[in-house]
Structure formats: C-alpha cells, structure tokens
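Thank you for sharing this model; below are my notes, set out as numbered points. Please read them with the structure open beside you.

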Amino acid sequence: IWLSGLHVPESYLTALVQTTCRANNWPLDKCVQYSSVTKYQSINDVPCALESGTYISGLYLEGAGWDSHLDCLVPQQPKVLVVNLPILQVIPIEANKIDITGQFI
C-alpha cells in the first residue's frame with residue numbers, strides 16, 4: 001500500500017492489526033506491529049502478497065540514508081536531503097512471540 005497517499009495512515013495500520021487479531025483469535029491488547037525494511041525497491045519487485053500483514057511503500061528518510069547492502073541507517077550524504085526508503089514489511093504479531101534481542105526500540 002502507498003501509505004503516504006492515505007489521509008489518516010494510522011487508521012489503516014490499526015485496521016490491519018484488528019483484522020489479524022480477529023482472524024487468528026488473538027486478544028487485541030496483546031498484539032503489536034512488527035516492521036522490517038525489505039530489499040525490494042519497488043512494488044514490482046514484491047513476489048506475492050503477505051498472508052498476514054502488508055508491504056508499505058512511499059516512505060522517505062530525512063537526515064539519514066539507507067544502506068541496502070548492510071540493511072541499516074547510514075549518515076546523510078552531502079546535499080542529499082531526502083532518500084527513498086525501500087519497501088517496508090509490517091506484520092501484526094502477538095507481543096510474546098516476537099524476539100527483539102539486539103534491536104533498538
């Protein structure tokens with residue numbers, strides 16, 4: 001989905017979590033969104049739709065860059081103000097099933 005084109009993008013992400021919780025019979029208050037940056041640069045690169053969750057495009061970085069080889073933020077290049085972020089994968093998941101060891105929160 002092109003998240004930047006939505007008037008209220010938070011409502012789409014909330015609905016995504018709610019429908020996943022209903023489909024899997026999970027309690028809504030125990031569900032969180034897990035997101036990760038993929039290697040896909042355009043919508044045409046995505047092989048298929050996710051079973052649960054969505055791919056998000058249209059996001060940008062200001063004040064930093066993205067290294068697609070190392071999959072991490074890098075310092076901003078001189079005179080480059082805005083950088084396209086690769087497609088983001090957002091998956092609703094139960095909070096107790098996610099491993100965030102070694103990740104910055």
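1. I begin with the surface, where Tyr60, Leu81 and Val82 together make a nonpolar patch of about 340 Å². Please keep in mind here, and in every point that follows, that this is a predicted model. Within the patch, Leu81 sits in the loop between strand 5 and strand 6 (82–84), and with a relative accessibility of 64% Leu81 counts as exposed, because the cut-off for that class is over 50%.

2. How many salt bridges does the model hold? The count comes to two, and I take them one after the other. As general background, side chains of opposite charge can pair when their charged atoms come close.

3. One of the salt bridges joins Asp71 to Lys39, with 3.3 Å between the closest N and O atoms. This pair links distant parts of the chain, 32 residues apart: Asp71 lies in the loop between strand 4 (65–67) and strand 5 (72–74), whereas Lys39 lies in the loop between strand 1 (31–37) and strand 2 (54–56). As for accessibility, Asp71 is partly exposed, at a relative accessible area of 34%, while Lys39 counts as exposed, at 52%.

4. Another salt bridge is formed by the side chains of Glu94 and Lys97, for which the N to O distance is 3.0 Å. Which of these partners is buried, and which is exposed? Glu94 has a relative accessibility of 13% and counts as buried, because that value falls under 20%, whereas Lys97, at 55%, counts as exposed.

5. Thr38 deserves a point to itself. Thr38 is found in the loop between strand 1 and strand 2, which is also where Lys39 of the salt bridge with Asp71 is placed. What is the relative accessible area of Thr38? The computed value is 9%, and Thr38 is therefore classed as buried, the limit being under 20%.

6. The side chain of Thr38 has polar partners in the backbone: a polar atom of this side chain lies 3.3 Å from the backbone nitrogen of Tyr40, and a polar atom of the side chain of Thr38 lies 2.6 Å from the backbone oxygen of Ile87. When neighbours within four places in sequence are left aside, Thr38 is in contact with Tyr55, Pro86, Ile87 and Gln89. Ile87 thus appears both in this list of contacts and as the residue whose backbone oxygen lies 2.6 Å from a side-chain polar atom of Thr38.

How values were computed
Residues numbered from 1 in each chain as written. Predicted model: local features only at pLDDT ≥ 70, side-chain atom pairs only at ≥ 80, totals over all residues. Heavy atoms only, no water. Salt bridge = Lys/Arg side-chain N within 4 Å of Asp/Glu carboxyl O. Helix = DSSP H or I, 4+ residues; strand = E, 2+ residues; numbered from the N terminus. Buried < 20%, exposed > 50% of the residue type's maximum accessible area, 1.4 Å probe, protein only. Patch = residues over 30% accessible without salt bridge, like charges linked within 9 Å, V, L, I, M, F, W, Y side chains within 5 Å. Areas by Shrake-Rupley, 256 points an atom, 1.4 Å probe, with all protein chains shown as cover. Polar contact = N/O pair within 3.5 Å; in protein donor to acceptor, adjacent residues only side chain to side chain. Contact = heavy atoms within 4.5 Å.
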